[in-house]
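Here is a short tour to read alongside the sequence and the 3D view. Have both open and follow along at your own pace.

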Amino acid sequence: MIGRREGPLMRNNSHSLQKSRVLVAIAIGVFVGCVCAFLFPSGFFGSNAIPRRNYNLVGSKIQANSAECESSDRVNMLKSEFVAVSEKNAQLKKQVRELTERLQQAKQGSDQAQKQFLALGKQPKAGPFGTVQGLRTNPTVVPDESVNPRLAKILEKVAVQREVIVALANANVKEMLEVWFTNIKRVGITNYLVVALDDETSKFCESNQVPVYKRDPDEGVDTIGRSGGNHAVSGLKFRILREFLQLGYSVLLSDVDIVYLQNPFDHLIRDSDIESMSDGHNNMTAYGFNDVFDEPAMGWARYAHTMRIWVYNSGFFYIRPTIPSIELLDRVATRLSREKAWDQAVFNEELFYPSHPGYIGLHASRRTMDIYLFMNSKVLFKTVRKDDNLKKLKPIIIHVNYHPDKLPRMKAIVEFYVNGKQDALQPFPDGSDW
Ligand SMILES: *[C@@H]1O[C@H](CO)[C@@H](O)[C@H](O)[C@H]1NC(C)=O
């Protein structure tokens, strides 16, 4: 009964291992015995053996001959048995080696996880049913001012509770930038900073008392910054953002085609590495849904369930200074430097794809912002402006991301929400007219 408690695999292994050891021992014993019998037919003990030989020389010779015949047969038999057994033994030894290696690997993995865990805190017991919660709020990194002392000084002055709104801008977006900071000032936000990508923008900010940071000259980065199109500049921001996080600040990254209507810092949840506004246009598309794929040819199994979610908008997200956040920035920046891709697509792929063969996924926690508070321009122009109830809501920000005529729509949004001009949004079509 006790034997049954062991796993069947273990029992078989140890049994056959024992059996083969016994067999090998017997075989070696017999073989050595035969060899000895052959070399020392009268035994090892010289003092006795030598006189006996002398007494009966002829007899001993006959005996030796027959023994030689018999033992050589047995030796051959044992030899082949020995070969077979030692082959088996070698196989088993290899198995043992492989299993030991696997055990070591498994131990290394668990050691790493254990170490990480110990770094985070006390090892918990699982609580009662319904009370357990995984980690989604990762610890922040220790600030490292040596990364950029000049920026550290600026942030010390500008940030509030180690949080800051950051926008990248060059002279191409000057008019939008003006609407952007005018509304930020109007709602009383002080912790914001423009990363100026050219001198003109830098001067423009200074003359408007807008906190500005002009980066140290960095060829390559700067040519993109000065003359780059929208997407090229978007790629830049992931590299620049890293320093802010290394300095220990949480950043609310903001494009400049955004109208601020309230202070977003009063409405963030702050429980995730990335808290982002969505490109979704209703609850389903923004927060995720089960999208059933129908393939009638499969008959009984025609319905395949898939997971879908509209992408996060990489033009407005709150990012906490944690290791997964910095890893995300690095991964996106690395990919954008290697491939021609849209930064928002890359940002989302890195954020959402799970680990799979040949790929290790990012393990960052994510939160989708409320689509009626952090609103995109599709929600506004397709739904909200036509709905009497939704029209009464006061959004926190509106991002004119879905429309190319950004500046007139931004101004109309200010007219509607700030100056109360009820028909300000009417002239615009839902989408762009091309
Ligand atoms: C969308 O989600 C919000 C928040 O969960 C909820 O209050 C609202 O009723 C939902 N709207 C629709 C149309 O389901």
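Is Ala304 buried or exposed? Let's count its neighbours: 11 other C-beta atoms lie within 10 Å of Ala304, and a residue with 12 or fewer is exposed, so Ala304 is exposed. Keep in mind from the start that this is a predicted model.

**The strand around Ala304**

Ala304 belongs to strand S8. This strand, residues 303-308, is hardly covered, as 0 of its 6 residues are buried. Its partner is strand S7 (residues 289-294), which runs antiparallel to S8 and is joined to it by 6 bridges. To find one of these pairings on your screen, look for Asn290, whose bridge partner in S8 is Met307. Ala304 also has company from further back in the sequence: setting aside neighbours within four places, its contacts are Phe293 and Glu295. Its C-alpha lies 6.4 Å from that of Asp294, a residue 10 positions away in sequence.

**The whole chain**

Stepping back, the protein chain holds 14 helices and 12 strands. It has 434 residues, of which 27% count as buried. Of the contacts with a separation of 6 or more, 72% link residues that are 24 or more positions apart.

How confident is the predictor? The mean pLDDT of the chain is 86, and 77% of the residues reach 70 or more. Residues 1-14 have a pLDDT below 50, and the model gives this stretch 2 contacts beyond near neighbours in sequence. The pLDDT is also below 50 over residues 45-62, a stretch with 5 contacts beyond near neighbours in sequence.

**The seven-stranded sheet**

Now to the sheet. Strands of a sheet pair through backbone hydrogen bonds, either parallel or antiparallel. In this chain, an open sheet of 7 strands has mixed pairing and follows the order S3-S2-S1-S4-S9-S6-S10. The edges are strand S3 (212-214) and strand S10 (366-368); each has a single partner strand, so one side of each has no neighbour in the sheet. From one strand to the next, the twist averages 30°. Within the sheet, strand S4 (residues 250-254) and strand S9 (residues 312-319) run antiparallel and are joined by 4 bridges. Here Leu252 stands opposite Tyr318 in S9.

**Two helices to compare with your view**

Helix H11 covers residues 323-338. Its 16 residues reach 23 Å from first C-alpha to last, close to the 22 Å expected at 1.5 Å a residue. Which residues of H11 are buried? They are Ser325, Leu328, Leu329, Val332, Ala333 and Leu336. Looking down the helix axis, the buried residues of H11 fall within an arc of 120°, so they line one face of the helix. Ser337 and Arg338, on the other side of H11, are exposed.

Helix H14 (residues 406-417) has 12 residues, which should span 16 Å at 1.5 Å a residue; its end C-alpha atoms are 16 Å apart, so the two values agree. Buried in H14 are Lys406, Arg409, Met410, Ala412, Ile413, Val414, Phe416 and Tyr417. What do these buried residues pack against? Their partners are helix H6 (174-186), strand S5 (258-260), helix H13 (377-383) and strand S12 (397-399).

**Loop residues worth a look**

Two loop residues have a positive phi although neither is a glycine. The table sets them side by side.

| Residue | Phi | Loop between | C-beta neighbours inside 10 Å |
|---|---|---|---|
| Gln161 | near 50° | helix H5 (149-158) and strand S1 (163-169) | 9, exposed |
| Gln209 | about 55° | helix H7 (199-207) and strand S3 | 9, exposed |

One more loop residue is Val147, placed between helix H4 (57-120) and H5. With 15 other C-beta atoms within 10 Å, Val147 is partly exposed. Leaving aside neighbours within four places in sequence, Val147 is in contact with Glu243, Gln246 and Leu247. Val147 and Glu243 are 96 residues apart along the chain, yet their C-alpha atoms are separated by 6.8 Å.

Notes:
Residues are numbered from 1 along each chain as its sequence is written. This is a predicted model: local features need pLDDT of at least 70, side-chain atom pairs count only at pLDDT 80 or more; totals for chains, interfaces and linings use all residues. The expected span of a helix is 1.5 Å times one less than its number of residues. A residue is buried if 20 or more other C-beta atoms lie within 10 Å of its own, exposed if 12 or fewer, and partly exposed in between; C-beta atoms are placed from the backbone. Two residues are in contact if their C-beta atoms, placed from the backbone, lie within 7 Å. Two strands pair if DSSP finds at least two bridges between them. Axes are lines fitted to C-alpha atoms, for helices over the stretch in contact, and angles run from 0 to 180 degrees between N-to-C directions. pLDDT is the predictor's confidence in each residue, from 0 to 100. The arc is that of the directions from the helix axis to the C-beta atoms.
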